[in-house]
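Please read these points with the structure open beside you. They start from one pair of side chains and work outward to the chain as a whole.

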Amino acid sequence: APRARAARARRAAPLAAHRPDADAPDAGKGQRVMIIGGDGYCGWATALHLSKRGYAVSIVDNLCRRSMDDQLGFNSLTPIKGIHERVRKWKEVSGRDIDLFIGDVCDYEFLSAAFQKFSPTACVHFGEQRSAPYSMMDRTRAIFTQTNNVMGTINALYAVKEFAPDCHMIKLGTMGEYGTPNIDIEEGYITITHNGRTDTLPYPKQGGSFYHLSKCHDSANMLFCTKAWGLRTTDLNQGVVYGVSTDECDMHPDLVNRLDYDAVFGTALNRFCIQAAVGHPMTVYGKGGQTRGFLNIKDTVRCIQIACDNPAPAGEMKIYNQFTEQFSVNELAAMITEAGKKIGLSPEVINVPNPRTEMEEHYYNAKNSKLQDLGLTPTLMSESLMDSLLKTIVEYKDRVDQRLILPGVNWKESASVGKTLAK
């Protein structure tokens with residue numbers, strides 16, 4: 001295991017030094033960044049990271065992620081404050097303002113007014129339903145996911161075209177768009193020679209849920225608009241994010257980020273850590289050979305800053321694979337078991353029937369050099385980092401509802417609302 005981790009670390013080693021002044025209080029001077037979905041897990045951390053570095057930041061959010069918790073009876077492990085209180089506390093501890101626009105990106109009249117009032121130089125689009133299990137719960141949630149995500153992105157593209165044509169549109173995609181092909185995954189584009197002719201084309205997409213398919217549609221729509229309207233766009237195909245701590249979210253308890261542990265919104269590593277902390281066996285789906293790209297939330301915010309600082313030329317869509325390391329589910333469980341034992345936990349692993357329709361053993365080798373070429377220094381998954389995450393989770397473990405831990409959404413059983421509710 002140590003040898004394998006060393007090999008992964010070498011593959012993830014940075015290829016360039018980070019921009020020297022990236023953390024300066026005026027690093028973002030002159031940039032105005034609208035963060036759609038800024039109340040969410042990635043959006044909130046990004047808003048604070050950029051604000052601290054002198055970017056003028058606005059948050060656009062309809063707070064639907066919070067309402068989903070209310071609908072399903074879920075809760076964040078960490079006790080998060082309301083968005084207005086969060087923004088006020090950030091002003092108090094940092095001296096910096098964040099503009100707040102509460103509304104739905106699917107409401108074009110609202111989005112148009114927000115664009116005209118804020119005049120962004122960059123628009124970071126996190127504002128989508130981001131859970132594959134949620135999208136597979138039933139027909140209603142599948143349609144909501146596709147409508148909210150695809151129509152919201154089209155609205156954002158039109159808003160850029162009509163009100164901020166020089167604005168750089170940065171959309172959060174997902175590595176799940178690629179699926180698990182039996183060839184290397186390139187960064188967005190692949191050069192193919194067929195019957196004596198060669199072309200560079202978008203890499204084939206194989207979304208594994210209605211959520212992932214919505215992201216595929218987003219990417220296709222954004223590429224079309226980029227070419228048709230001469231927009232500047234960047235598509236960030238992000239891996240599985242883990243962690244809760246960033247320098248800014250740690251500045252005051254009222255700024256703490258959300259941390260989901262349920263089987264619908266909780267990402268694999270966060271969920272495993274929480275299961276280990278409360279004495280629940282880590283639930284590995286199927287054989288556990290499913291391999292994905294991972295990155296720390298600290299690197300998510302740095303990647304967004306790098307994208308803001310390196311806008312695409314007009315008429316071009318840049319695509320980056322945004323992750324730093326690759327692990328199988330079994331490797332994750334083994335690492336958490338090792339780290340847990342060192343702080344007095346006794347983690348266990350159980351294999352449960354896989355609720356998803358996916359390959360459980362497969363080839364996986366995705367390229368991820370472009371963001372590192374631009375200066376990303378990866379925060380690699382170390383024992384100290386794992387210890388820190390586990391200790392944070394132990395602090396809040398009394399908030400865990402163990403009924404939410406086991407998988408409850410089966411891909412094959414997704415049905416109409418009526419049939420689902422009748423069960």
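**Notes on the salt bridges, one helix and the overall fold**

1. E248 and K52 form a salt bridge, with their closest N and O atoms 3.8 Å apart. This pair links distant parts of the chain: E248 sits in the loop between strand 9 (240–242) and helix 9 (268–277), while K52 belongs to helix 2 (residues 41–52), and 196 residues separate them. E248 is buried, at 2% relative accessible area, whereas K52 is partly exposed, at 33%. Please keep in mind that the model is predicted.

2. A second salt bridge joins D260 to R65, where the closest N and O atoms are 3.1 Å apart. D260 also lies in the loop between strand 9 and helix 9, and R65 lies in helix 3 (residues 64–72), 195 residues away. Buried means under 20% relative accessible area. D260, at 4%, therefore counts as buried, and R65 is buried at 13%.

3. R258 pairs with D69 in a salt bridge whose closest N and O atoms are 2.6 Å apart. Once more the link runs from the loop between strand 9 and helix 9, which holds R258, to helix 3, which holds D69; the two are 189 residues apart. R258 is buried with a relative accessible area of 2%, and D69 is buried with 8%. Through shared partners, salt bridges join R65, D69, R130, R258 and D260 into one network. The count of salt bridges comes to 21. As a general point, side chains of opposite charge can pair when their charged atoms come close.

4. Is helix 10 largely enclosed or open, and why? Of its 13 residues, 10 are buried, so the rest of the structure largely encloses helix 10. Among the buried ones are I297, D299, C303 and A307. Helix 10 covers residues 297–309; its expected span is 18 Å, and its end C-alpha atoms are 19 Å apart, which agrees. At the N-terminal end, N296 acts as a cap: a side-chain oxygen lies 2.8 Å from the backbone nitrogen of K298.

5. The protein chain has 14 helices and 14 strands. Its radius of gyration is 21 Å, close to the 22 Å given by the globule rule for 423 residues, so the chain is as compact as a globular protein of that length. Buried residues make up 55% of the 423. Of the contacts between residues at least 6 apart in sequence, 82% join residues at least 24 apart.

6. The accessible surface of the protein chain is about 17600 Å², and carbon and sulfur atoms account for 52% of that area.

Key
Residues numbered from 1 in each chain as written. Predicted model: local features only at pLDDT ≥ 70, side-chain atom pairs only at ≥ 80, totals over all residues. Heavy atoms only, no water. Helix = DSSP H or I, 4+ residues; strand = E, 2+ residues; numbered from the N terminus. Expected span 1.5 Å × (residues − 1). Buried < 20%, exposed > 50% of the residue type's maximum accessible area, 1.4 Å probe, protein only. Polar contact = N/O pair within 3.5 Å; in protein donor to acceptor, adjacent residues only side chain to side chain. Rg over C-alpha atoms; globule rule 2.2 N^0.38 Å. Contact = heavy atoms within 4.5 Å. Areas by Shrake-Rupley, 256 points an atom, 1.4 Å probe, with all protein chains shown as cover. Salt bridge = Lys/Arg side-chain N within 4 Å of Asp/Glu carboxyl O.
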